[in-house]
Amino acid sequence: MRGKLKQSRFEKHHIEDFIGRSYMSLCVLLLVVIIISMVYFVASKGVSTFISGDVTVSDFLFGTKWSPEAEPASYGAFPFIAGSFLVTLLAALIASPLSICAALFMTEIVPGWGKKLLQPVIELLSGIPSVVYGFIGLSVIVPFLRNTFPGQGIGVAAGALVLSVMILPTITSVAADALSSLPQNLKESSFALGATRWQTISRVIIPTTLPAIMTGIVLGMARAFGEALAVQMVIGNAPFVPRSLFESASTLTSVITLGMGNTTMGSAHNNSLWSMALVLMLMTFVFIFLVRLLERRNKI
Amino acid sequence: MQFRKSWIMTLALTSVVALAACGNNATTNNGGNNAAATNAPTEASSGADLSGSVLASGSTALQPLVEQVAEKFMETNTGVDIQVQGGGSGTGLTQVAEKQVDIGNSDVFAEEKLKDADAEKAAALVDHQVAVVGIATVTHPDAGVDGLTKQQLVDIFTGKVTNWKEVGGADQKIQIINRPGSSGTRATYESFALGMKTEDLQGSIQEDSSGTVKKMIGETPGAIGYLGLSYLDDSVKAISYEGVEPSVDNVISGKYPVWAYEHMYTNGEPTEAVKAFLDYFLTDEVQTGDVVELGYIPASKMQVSRDLEGNVTTK
């Protein structure tokens with residue numbers, strides 16, 4: 001057997017092996033090149049705002065006045081950064097309990113028909129295009145909020161509600177995967193000690209799977225942070241830090257989509273939009289870093 | 001079980017999409033055939049020898065018109081391939097200035113977007129004004145106002161007046177539905193209706209598509225905004241400006257001042273195919289046909305003209 005291996009270097013399965021290996025290396029290389037060039041492109045464009053001296057980094061990150069077309073123009077992006085974080089955190093707060101309950105329902109309470117019914121429904125949610133979410137938000141959630149609360153209905157609350165539905169599938173599927181991969185003997189020993197189902201869930205299952213559930217939440221937040229269209233339709237897009245949850249506000253993504261097409265490449269206004277894209281990208285890196293950190297804890 | 005279910009769902013969705021696509025194809029084909037039938041006698045002789053590809057990008061407000069005219073043009077000039085993309089006025093101007101596209105569609109004069117360091121880029125561009133859009137001040141139907149003066153509008157859009165009763169309307173808070181600062185429609189409205197640039201107010205709403213603006217104004221009590229004349233319907237109320245009704249006739253005669261040209265820019269002198277297409281755009285057939293049909297005002301009909309500085313002259 002060993003001798004045969006040595007002489008058969010150019011046999012068919014070795015050539016196949018070689019072709020497969022080179023093809024995959026090529027694909028991976030291409031992927032890396034694409035990612036690096038994208039990061040480079042956004043970074044070089046985003047940094048040019050500060051290099052050209054139109055605006056300083058601290059003015060950009062902490063300035064609250066955004067009037068790029070006025071004379072003199074000011075490029076304070078703080079209202080958008082604040083808006084992005086507000087919407088994302090609120091959406092995660094609304095979606096997390098719902099998703100964790102759905103995941104528990106599918107894996108612990110009724111693993112049979114619960115999973116069969118819920119899984120397709122939740123997967124369907126992730127397949128709906130964001131413009132549909134935005135339109136539903138504009139037609140259903142905004143009028144509802146307008147009639148229930150003071151204000152015009154649009155704003156951070158409406159944006160967070162729309163986003164919470166959009167990130168529901170991400171959190172639920174990651175949490176459900178973690179719950180179903182939990183070793184059976186852990187549960188069995190808990191039951192053997194006389195714990196009720198609720199005690200087992202709250203004291204054993206959730207604490208052990210918490211890092212995985214957190215991973216799901218962070219992934220959901222990353223999606224919420226980057227979502228543009230649906231939020232833009234319901235948030236109102238006024239460049240101010242909102243005074244209430246029901247007042248027109250903006251996110252980084254909504255300002256970029258509103259302004260990118262209407263400004264010319266290379267103008268200060270356009271460059272400042274690229275800087276916001278850079279902020280968005282850096283935030284995504286932070287989210288990914290968080291996920292990796294949580295995954296490492298999850299290994300135990 | 002899981003697999004079968006998703007398979008059936010995929011199949012169902014695919015068939016729905018396929019059906020929808022068939023429906024679309026059928027209608028566009030019909031439209032195309034009709035167009036060909038009407039064009040054939042006038043254009044067939046000259047069109048056969050033209051060839052080349054034309055790429056246009058820019059203003060989404062102008063896009064449907066350019067697309068429709070391009071389709072008609074290609075029916076008779078089978079050698080010419082015209083692609084029309086959106087992207088916004090800024091994108092169109094950037095791309096035509098850098099020769100990435102042949103035609104850059106814009107809602108505003110190139111000089112207004114390509115300023116300062118880019119000013120010489122704007123100088124190289126050749127303007128073709130193909131249509132005019134009128135912009136009406138629009139309110140929620142219950143605001144209770146039939147018309148506003150320039151000063152009243154300025155007071156509203158700068159936040160001095162916040163309740164409709166201060167300008168003779170209902171006792172209702174005013175909600176501004178604006179466009180983003182970079183929007184061509186907003187630039188037009190600010191220069192010709194308000195006569196000044198305004199800053200965004202806290203609590204104001206900004207939307208960039210006319211459809212969304214109309215929906216928001218129609219649904220939000222006390223809302224005020226502005227819309228192209230072609231978007232007006234019963235869900236919103238168009239009010240008069242300085243006592244002049246916003247109508248196509250009033251724009252043509254120059255009585256109603258809030259309007260703007262739709263521009264198609266070329267970089268330097270256009271190529272043969274591009275020139276033929278732009279010439280076709282200005283024929284009576286297109287100007288009184290497609291342009292009017294899609295809610296624009298024919299540039300050739302205008303009794304007044306306006307230059308970059310906003311000086312209006314009677315033709």
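Trainee: Let's start somewhere simple. Where is A61(B) found?

Mentor: A61(B) sits in the loop between β1 and α2 (63-76) of chain B. Keep in mind that this is a predicted model.

Trainee: What makes A61(B) count as partly exposed?

Mentor: Its relative accessibility is 33%. Buried would need a value under 20%, and exposed one over 50%. A61(B) falls in between, so it counts as partly exposed.

Trainee: Which residues does A61(B) touch, leaving out those up to four places away in sequence?

Mentor: A61(B) touches D107(B), E262(B) and Y296(B). As for G147(B), it is 86 residues from A61(B) along the chain, and the two C-alpha atoms are separated by 26 Å.

Trainee: What about S53(B): how do you know whether it is buried or exposed?

Mentor: The relative accessible area of S53(B) is 55%. The cut-off for exposed is over 50%, so S53(B) is exposed. S53(B) has its place in strand β1 (residues 52-58) of chain B, and beyond its neighbours within four places in sequence it is in contact with D81(B) and D102(B).

Trainee: How many Å apart are S53(B) and G195(B) in space?

Mentor: Going C-alpha to C-alpha, S53(B) and G195(B) are 41 Å apart, with their positions 142 residues apart in sequence.

Trainee: Now T220(B). Why does T220(B) count as buried?

Mentor: T220(B) has 0% relative accessibility. Buried means under 20%, so T220(B) counts as buried. T220(B) is in the loop between α8 (210-219) and β8 (223-228) of chain B.

Trainee: What surrounds T220(B), apart from neighbours within four places in sequence?

Mentor: T220(B) is in contact with two residues of chain A, R146(A) and Q152(A), plus H140(B), Q175(B) and I177(B).

Trainee: What makes the pair M216(B) and T220(B) a polar contact?

Mentor: A polar atom of the T220(B) side chain lies 2.6 Å from the backbone oxygen of M216(B). The limit for a polar contact is 3.5 Å, and 2.6 Å is within that.

Trainee: What is notable about phi in K99(B)?

Mentor: Phi of K99(B) is near 60°, which is a positive value in a residue other than glycine. K99(B) is in the loop between α3 (89-97) and β3 (103-106) of chain B. E242(B) also has a positive phi, of about 50°, although it is not a glycine. E242(B) lies in the loop between β9 (237-241) and α9 (248-253) of chain B.

Trainee: Why is K99(B) called exposed, and why is E242(B) called partly exposed?

Mentor: K99(B) has 64% relative accessibility, so it counts as exposed, the cut-off being over 50%. E242(B) has 45%, so it counts as partly exposed.

Trainee: On to helices. Why is α6(B) called oblique to α7(B)?

Mentor: Helix α6 (residues 150-157) and helix α7 (residues 184-194) of chain B pack at about 135°, with axes 10 Å apart. That angle makes α6(B) oblique to α7(B), since roughly perpendicular ends at 115 and roughly antiparallel needs over 145.

Trainee: Which residues make that contact?

Mentor: K150(B), L153(B), V154(B) and F157(B) from α6(B) meet Y189(B), A193(B) and L194(B) from α7(B). By class, there are six nonpolar residues, no polar ones and one charged.

Trainee: How do you know what to call the packing of α4(A) and α5(A)?

Mentor: In chain A, helix α4 (residues 78-109) and helix α5 (residues 113-127) pack at about 140°, with axes 7 Å apart. The cut-off for roughly antiparallel is over 145; α4(A) and α5(A) are therefore oblique to each other. Among the residues in contact are F105(A) of α4(A) and W113(A) of α5(A). This contact has six nonpolar, two polar and one charged residues.

Trainee: Back to Y189(B). What is its role among the 121 residues in the largest nonpolar core?

Mentor: Y189(B) is one of those that touch the most other members, a group including M276(A), L148(B) and W164(B). Another core, of 26 residues, lies apart from it, and L50(B) and F73(B) are among its members.

Trainee: And how much of chain B counts as buried?

Mentor: 47% of its 315 residues. Chain B has 12 helices and 13 strands.

Terms used:
Residues numbered from 1 in each chain as written. Chains lettered and ligands numbered in written order. Predicted model: local features only at pLDDT ≥ 70, side-chain atom pairs only at ≥ 80, totals over all residues. Heavy atoms only, no water. Axes fitted to C-alpha atoms, helices over the stretch in contact; angles between N-to-C directions. Helix = DSSP H or I, 4+ residues; strand = E, 2+ residues; numbered from the N terminus. Parallel < 35°, antiparallel > 145°, perpendicular 65-115°, else oblique. Contact = heavy atoms within 4.5 Å. Nonpolar A, V, L, I, M, F, W, Y, C, P; charged D, E, K, R; others polar. Core = buried A, V, L, I, M, F, W, Y, C linked by side-chain atoms within 4.5 Å. Buried < 20%, exposed > 50% of the residue type's maximum accessible area, 1.4 Å probe, protein only. Polar contact = N/O pair within 3.5 Å; in protein donor to acceptor, adjacent residues only side chain to side chain.
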